[in-house]
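Dear colleague,

Please find the structure below for your study. A short account of what was found in it follows.

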There are 2 protein chains.
Amino acid sequence: MWTIGEVAQKFNLSISALRYYDKEGLLSDVKRENGIRKFDDKDIETIFMIECLKKAGMQIKDIKQFLDWVKEGNTTLDKRLKMFENQKVKVEKQIQDMQKVLDLIKYKCWYYETAVKDGSDEKVKNMKEEDMPAEILKLYKNSHS
Amino acid sequence: MWTIGEVAQKFNLSISALRYYDKEGLLSDVKRENGIRKFDDKDIETIFMIECLKKAGMQIKDIKQFLDWVKEGNTTLDKRLKMFENQKVKVEKQIQDMQKVLDLIKYKCWYYETAVKDGSDEKVKNMKEEDMPAEILKLYKNSHS
DNA sequence: ATAACACCTAAACATAAGTTTAGGTCAAGC
DNA sequence: GCTTGACCTAAACTTATGTTTAGGTGTTAT
């Protein structure tokens, strides 16, 4: 059993964020001792799930919806499955998008490394595609595809 | 040369978002005809860059900072390089994080597929690690690592 | 010529996800 | 016995990123 401060540290979250999740009903029935929250393993797993779904881009109110389905029991299994299937597609697309973003950033790193060496970006800005290193051209093309 | 409506469609952005970027100074000196904005190739490339850096997780004010450096000229080449190097590290970490998120989601897809088949998640919830399919266990472990 | 569109501005409004503030309890250490 | 530190609540506040509203202009189709 952990206090709110310990859990905050564990997850690198603020105490106020944890209280906010609790207030919003994401953490159902956190135990109390003299009014002080005591988080158990189940709460920790819930917070882990919340953090994961947040990273997936889900909003708090949709995460709450999911957690409410969990509480509702077996009648909502299909809804939960459908939610994860949707999220899977979305996250796969996000990773693909991020890969393109990364390629543009890598291209720009090369661009500015070259420009810094030259003291100006005149030359690299006007460089023809056939004069670029092959792997750099590939990054650029992929990022714009 | 494109009107604001055409550009909005091109990038799947709202017209008001484009006006907001202009107002915030991200698009320097967009041409006007009778007060109506006419976006040229340079503006399009800027908007492409804005969209990319937004996806990378940068805030509008930091994107503006970068665009201001571009306007300032060659004295800021090193700052721009440093910015992209930092972003590269961040985006690489984001992709790694998203991969873990995806693994947890894939695990949960398996979990709920199994639960839906059984009509209950009792069995899958209590399943021992050695009874899980190897690739599912791998997903689970990676997502929690 | 009048209606329908696409555009314009300034300013108010919206929303999510917390954070901050103001006031309070309780246990531990000096 | 007093201070410090970790916890508590309710309610106000913050911030980013736009969106909406209200009022207006100019062109095109009927």
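How do the residues of the surface near DNA strand C divide into nonpolar, polar and charged? There are 7 nonpolar, 6 polar and 4 charged residues. Please bear in mind that this is a predicted model.

I begin with DNA strand C. It is surrounded by 17 residues, and the closest are A:Ser14, A:Ser16, B:Arg19, B:Arg32 and B:Arg37. Sugar or phosphate makes up 82% of the strand C atoms within 4 Å of the protein, while the rest belong to bases. Several phosphate oxygens may be examined in the viewer. One is 2.3 Å from an N or O atom in the side chain of A:Ser14, and the side chain of B:Arg32 has such an atom 2.9 Å from a phosphate oxygen of the strand. At B:Gly5 the partner is a polar backbone atom, at 3.0 Å. The element α2(A) gives the largest share of this surface, 4 residues.

I turn next to DNA strand D. Here 18 residues lie around the strand, and A:Thr3, A:Arg19, A:Arg37, B:Ser14 and B:Ser16 come nearest. Of the strand D atoms that come within 4 Å of the protein, 81% are accounted for by sugar and phosphate. A polar side-chain atom of B:Ser14 is 2.3 Å from a phosphate oxygen, and for the side chain of A:Arg19 the corresponding distance from an N or O atom is 2.5 Å. B:Ile60 places a polar backbone atom 3.3 Å from a phosphate oxygen of strand D. The largest share of this surface, 4 residues, comes from α2(B).

Yours sincerely

How values were computed. Residues numbered from 1 in each chain as written. Chains lettered and ligands numbered in written order. Predicted model: local features only at pLDDT ≥ 70, side-chain atom pairs only at ≥ 80, totals over all residues. Heavy atoms only, no water. Near = heavy atom within 4 Å. Polar contact = N/O pair within 3.5 Å; in protein donor to acceptor, adjacent residues only side chain to side chain. Helix = DSSP H or I, 4+ residues; strand = E, 2+ residues; numbered from the N terminus. Nonpolar A, V, L, I, M, F, W, Y, C, P; charged D, E, K, R; others polar.
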